[in-house]
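Here's a structure I'd like to talk through by asking why things get the labels they do. Take a look, and then we'll go through the labels one at a time.

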Amino acid sequence: MSFLDPQRTIAELKQLRALTSDENGAQRVAFTPVWTRGRAWLRQKLEALPVETHTDAAANLWTTLRGESEKCLLIGGHVDSVPNGGWLDGCLNVLAGVEILRRINSQYNGKPPVTIRLVDWADEEGARFGKSLFGSSACSGNLDMNEARGLKDKDGITLPDALKNVGVDFDRVKDSGKELKNAAAYLELHIEQGPVLLDLNFPLGAVLGTFGVERHAITFHGQAAHSGSTPMNRRKDAFLAAAKMSPEIYRIAARSNGGVCTIGSCTTKPGIVTSVVEECRVTLDQRHLDAPALARMLQEAKDASETFAKEGNVRVSWERLWQIAPRPFNGELITLCDESIRETCGQSHRLPSGPLHDAAEVARAGVPAVMMFVQSLHGISHNKIEDTKEEHLELCVKAFDKLAQKTMAWIQSK
């Protein structure tokens, strides 16, 4: 007899969409009334289960089904969305977790062999204050409190004030770390948000880890000069040197064996049509799952910038904007994830995650973790057209449930 009902998960995802979306997409931005409404709806869904539910010091919502052992299997996701977001990003994880809780509760008559905990992380997206993974980084102990204290939204509201409005004391958010006591494994299901599984025509994939990120501003310093009177061979054109970086980062990525590089913005001074560019600032984002490979990519980009600066008779300077180390997931859990996928749909693919996820912070805290991806149509996310085939949604709930069962046994064997 099967206690799992993936169709119920799909129906509940549609209910949440109707409750918290408009014609532009999902509007569950963290710490707003729509997000609060979504959270209240989720709590209602959990009332039928013999669980304990509470909000921790960082506004993360925890639901606990006590087991024979205090060792905990954590299943995580996030109800919050970006503005005008997709209907599956984050909430698929949570609602699949609710269905797995139901199955485990029914199968074990309310007393599974290990304790099961579902967590809805607060402000994974960082859409309002520009700080992703807020709740999970507070819980892992890695939140930069000084940085977070000064964050403001577009209306000038600070993060501490927004938290106060939902009953959370900013100065105590790291107290949420006690929630990881007895955590033996962490599982997260997510839409891929990219085209890899789509291009392979695979429904599901096992995630190897989240990319490390090096994010820098590169500024080339030349000399402003009249665009009409300055001969081409006498110019110190900062833009020319910067422009050479664009094809070069593609070459760097191509030889990195799995890395990606992006120049995402470009600004020039004086920025007028009648002047040679005196200063050109570009931003470079580099990502890789392997730390030495990421370091090589960064050094190759620095070396290239020096070469192009010398060729153009200009100077170059670098400023680090942000950095995070790669977060490989647990090898044994990756194997269990891969097995669960193959048992469900006959084929699997292992891939890294380019976007960051709460699982990275949990892994950073020392908890064995893994993620499962389900195919995204169009390879698009953070957009109202984000979608996944319903048959693939069914498959991911079934495979994720298998993974939960296998992980429970894995925890017991330790």
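Q: Why is α1 called oblique to α3?
A: Keep in mind that this is a predicted model. In it, the axes of α1 and α3 (residues 91-107) cross at roughly 135° and come within 10 Å. Roughly antiparallel would take an angle over 145 degrees, and roughly perpendicular runs from 65 to 115. The angle fits neither, so α1 counts as oblique to α3.

Q: Which residues make that contact, and what is the handedness of the crossing?
A: From α1 you get R8, T9, E12, L13 and L16, and from α3 C91, L92, L95, A96, E99 and R102. By type, the contact of α1 with α3 divides into six nonpolar, one polar and four charged residues. As for handedness, α1 passes α3 in a right-handed crossing.

Q: What makes α1 roughly antiparallel to α2?
A: Again, it's the angle. Helix α1 (residues 6-20) packs against helix α2 (residues 33-46) at about 150°, the axes being 10 Å apart. The cut-off for roughly antiparallel is over 145 degrees, so the label applies to α1 and α2. This crossing of α1 past α2 is right-handed.

Q: Where do α1 and α2 meet?
A: On the α1 side, look for E12, Q15, L16, L19 and T20; on the α2 side, V34, R37, G38, W41 and K45. Sorted by type, the contact of α1 with α2 has four nonpolar, three polar and three charged residues.

Q: What makes β10 and β12 edge strands?
A: The open sheet has four strands in the order β10-β11-β9-β12, with antiparallel pairing. β10 (260-269) and β12 (315-324) each pair on one side only, and that's what puts them at the edges. On average, neighbouring strands here are turned by 15° against each other, direction ignored.

Q: How do you know that β9 and β12 pair?
A: Two strands pair if there are at least two bridges between them. β9 (residues 212-221) and β12 have nine bridges, in the antiparallel sense, so they qualify as a pair. For one of those links, find E214, whose bridge partner in β12 is Q323.

Q: Which helices lie against these strands?
A: Helix α9 (residues 245-254) lies across β9, β10 and β11 (279-288), and runs at about 165° to β10. Helix α10 (residues 291-311) packs on the sheet too, touching β9, β10, β11 and β12, and its direction makes about 160° with that of β11.

Q: Why is the W62 and W121 pair called edge-to-face?
A: A search of the whole structure turns up four aromatic pairs. In the one made by W62 and W121, the ring centres are 5.5 Å apart, and the planes stand at 80°. Rings pair if their centres lie within 6.5 Å, and planes over 60 degrees apart count as edge-to-face, so the label fits W62 and W121. The two are 59 residues apart: W62 is in strand β4 (residues 61-65), and W121 is in the loop between β6 (114-120) and α4 (134-140).

Q: What makes A59 and P270 worth pointing out?
A: Most residues other than glycine have a negative phi, and most peptide bonds are trans. A59 isn't a glycine, yet has a positive phi of about 75°; look for A59 in the loop between β3 (52-55) and β4. A cis peptide bond joins K269 and P270, with omega about 0°, and P270 lies in the loop between β10 and β11.

Notes:
Residues are numbered from 1 along each chain as its sequence is written. This is a predicted model: local features need pLDDT of at least 70, side-chain atom pairs count only at pLDDT 80 or more; totals for chains, interfaces and linings use all residues. Side-chain values use heavy atoms; hydrogens and water are left out. Axes are lines fitted to C-alpha atoms, for helices over the stretch in contact, and angles run from 0 to 180 degrees between N-to-C directions. Angles under 35 degrees count as roughly parallel, over 145 as roughly antiparallel, 65 to 115 as roughly perpendicular and the rest as oblique. A crossing is left-handed if the near helix is turned anticlockwise from the far one by less than a right angle, and right-handed if clockwise. Contact means heavy atoms within 4.5 Å. Ala, Val, Leu, Ile, Met, Phe, Trp, Tyr, Cys and Pro count as nonpolar, Asp, Glu, Lys and Arg as charged, and the others, Gly among them, as polar. Rings of Phe, Tyr and Trp (its six-membered ring) pair if their centres lie within 6.5 Å; planes under 30 degrees apart count as stacked, over 60 as edge-to-face and the rest as tilted.
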